Amino acid sequence: MSDNYSTAEMRVSERLSDGRPSAVQWTTVDWKKAEREVNRLQARIAKAAQKGKWNMVKRLQYLQAHSFYMKALAERKKIERAISDTIKRGKAWNQNVLIWKLNRQIREWVYRCPDERRKKEGSRLDYLLYEWLWRWAKRRHPRKGNRWILKRYWHPRSGRKWVFSTDTQILLCGSRILRQQRNA
């Protein structure tokens with residue numbers, strides 16, 4: 001079975017009808033639909049296992065392993081987990097070190113993924129980074145208030161109101177990198 005084909009739904013293939021490769025398909029992924037389909041397939045596997053239908057379990061697991069949606073979700077999760085792990089590892093790091101390490105990972109992500117994918121994923125990554133960094137800052141200063149933490153770690157920079165930055169470094173984000181490449 002080719003990597004471009006998958007039948008998470010028994011009736012409809014996930015492959016695009018015009019035969020474009022899966023790298024191009026990434027730009028057209030409906031993430032909510034992908035999550036629904038993967039969850040649906042996982043539920044079917046669980047029900048078949050409860051009923052003891054092991055041949056069906058095996059067949060559904062094969063479909064799941066070769067599903068384009070499953071691969072796309074796994075790749076997205078891998079990127080998010082790597083960045084999250086860096087923030088978790090850096091509980092004791094100062095802000096400069098954390099920004100330097102995160103910028104390395106974000107640049108790697110930018111250079112590996114196509115422009116169309118970066119457009120869709122950049123804002124999601126920005127949101128997740130904000131959530132993870134807020135937790136990081138709250139953990140470092142549990143007795144300080146939200147305003148104090150905001151003033152300490154987020155500053156107005158380059159036309160944006162709040163950017164995770166220091167005097168010497170600024171955290172890159174998907175939308176900022178996208179603008180830089182458009183202007184270049």
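**Entry 1: aromatic cluster**

I looked up the aromatic residues in this predicted model and found that Tyr-130, Trp-134, Trp-136, Tyr-153, Trp-154 and Phe-164 form one aromatic cluster. Counting aromatic pairs in the structure, I arrived at 9. I then turned to the rings of Tyr-153 and Trp-154, whose centres lie 6.5 Å apart with the planes at 80 degrees, and I noted the pair as edge-to-face because planes over 60 degrees apart count that way.

**Entry 2: burial of that pair**

Are Tyr-153 and Trp-154 buried or exposed? I found a relative accessible area of 2% for Tyr-153 and of 5% for Trp-154, and since buried means under 20%, I recorded Tyr-153 as buried and Trp-154 as buried too.

**Entry 3: helices H2 and H4**

Next I looked at how helix H2, residues 31–51, packs with helix H4, residues 68–89, and I noted an angle of about 110 degrees, with the axes 9 Å apart. I therefore described H2 as roughly perpendicular to H4, a term that covers angles of 65 to 115 degrees. The crossing of H2 and H4 I entered as left-handed.

**Entry 4: the contact between them**

Which residues make the contact? From H2 I listed Trp-31, Lys-33, Ala-34, Glu-35, Glu-37, Val-38 and Gln-42, and from H4 I listed Tyr-69, Met-70, Ala-72, Leu-73 and Arg-76. Sorting the residues of this contact of H2 with H4 by character, I obtained 7 nonpolar, 1 polar and 4 charged.

How values were computed:
Residues are numbered from 1 along each chain as its sequence is written. This is a predicted model: local features need pLDDT of at least 70, side-chain atom pairs count only at pLDDT 80 or more; totals for chains, interfaces and linings use all residues. Side-chain values use heavy atoms; hydrogens and water are left out. Axes are lines fitted to C-alpha atoms, for helices over the stretch in contact, and angles run from 0 to 180 degrees between N-to-C directions. Helices (H or I, at least four residues) and strands (E, at least two) are DSSP runs, numbered from the N terminus. Angles under 35 degrees count as roughly parallel, over 145 as roughly antiparallel, 65 to 115 as roughly perpendicular and the rest as oblique. A crossing is left-handed if the near helix is turned anticlockwise from the far one by less than a right angle, and right-handed if clockwise. Contact means heavy atoms within 4.5 Å. Ala, Val, Leu, Ile, Met, Phe, Trp, Tyr, Cys and Pro count as nonpolar, Asp, Glu, Lys and Arg as charged, and the others, Gly among them, as polar. Rings of Phe, Tyr and Trp (its six-membered ring) pair if their centres lie within 6.5 Å; planes under 30 degrees apart count as stacked, over 60 as edge-to-face and the rest as tilted. Buried means under 20% relative accessible area, exposed over 50%, partly exposed in between (1.4 Å probe, protein chains only).
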